[in-house]
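Hi everyone, thanks for coming. Let me put the structure up on the screen, and then we can walk through its inside together.

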Amino acid sequence: MASPWLLEIAKPQARRRLYLFPYLGGNPAAFVGWSAALGPDIALSVVNLPGRGLRLKEPPLTEMRPAAMQIAAAIASDAGAAEFAFFGHSMGAVLAFEVLRICTMMQLRRPGLMVASGCRWPGALDRDDLHLLDDAQFRDRLAGLGGTPPEVLGNAEMMRLLTPMLRADFAMLNGYSYRAMPRLPVPIHAFAAPDDPEVPAETVPRWLEESTEPGAVHWFSGGHFFLHDTDMAVPARLRELWG
């Protein structure tokens, strides 16, 4: 039985699987195009948190580690490819990192590669109480961050549906507290854009210190949402890294 935590895009010939952890407020549907870009050998499973997409009617979560536990359990029981990797963007990178820690501590299946994209090293996250703003301030702050289409921000009904999920995601990230732990036996690579206003360049290389294995920082053009570039440069680099 398929887990509600994972939205799988079927690819019968694939030998490998990429578990993709979306950014704050991210809808799994935004990544459907990645399936073709990854090629026939890599299947895609998008992490699907409550409160969005097909789980819109479920109450969203506001704590990172309970979500990570549920996702780790879903991946551990997934009958997908034996060889797999994690990719997380922005908040999704922190969530993927916590899932990887859980898989390692509990001796569950773990990936052969993790990519942290568009995110500060977790020990340098910026604390921002966006989830506590009133609706008008919240909408204005979303507009400043980018990533939410203007037609959505201007649609009162859409915002009524999406705001609880978005506030919950901000609360999840705001309440996260980094804990120093032994380094992980999985290569960690960091993807970033030098002109990303949300991620100071000096915070990115520290992701590599969380692993005992060699990794690298990879720079892309674009702002915070460089992963949605139409040339699909990010999935292409993932294929290169994975050999």
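Before we start, one term: when I say that two residues touch, or are in contact, I mean they have heavy atoms within 4.5 Å. And please keep in mind that this is a predicted model.

With that in hand, have a look at Phe86. Its partners, leaving out residues up to four places away in sequence, include Leu18, Tyr19, Phe21, Ile75, Val99, Leu100 and Met114. Phe86 belongs to the largest nonpolar core, a set of 49 residues. It is listed among those with the most contacts inside that core, along with Phe21, Ile71, Ile75, Val99, Met114 and Trp207.

Which helix gives this core its largest share? That is α3, residues 91-105, with ten residues. Fittingly, 14 of the 15 residues in α3 are buried. From first C-alpha to last, α3 reaches 21 Å, close to the 21 Å expected at 1.5 Å a residue. Just after α3, Gln107 has a positive phi of about 55 degrees.

Now to the cysteines, since someone always asks. How many disulfides does a search of the whole structure find? Zero. Why is Cys103 unpaired? Because the closest cysteine sulfur, in Cys119, is 18 Å from its own, too far for a bond; the cut-off for a disulfide is 2.5 Å. Both residues are covered up: Cys103 is buried, with a relative accessible area of 1%, and Cys119 is buried as well, at 7%.

That's my tour, so over to you!

Definitions and conventions:
Residues are numbered from 1 along each chain as its sequence is written. This is a predicted model: local features need pLDDT of at least 70, side-chain atom pairs count only at pLDDT 80 or more; totals for chains, interfaces and linings use all residues. Side-chain values use heavy atoms; hydrogens and water are left out. A nonpolar core is a set of buried Ala, Val, Leu, Ile, Met, Phe, Trp, Tyr and Cys residues joined through side-chain atoms within 4.5 Å. Buried means under 20% relative accessible area, exposed over 50%, partly exposed in between (1.4 Å probe, protein chains only). Helices (H or I, at least four residues) and strands (E, at least two) are DSSP runs, numbered from the N terminus. The expected span of a helix is 1.5 Å times one less than its number of residues.
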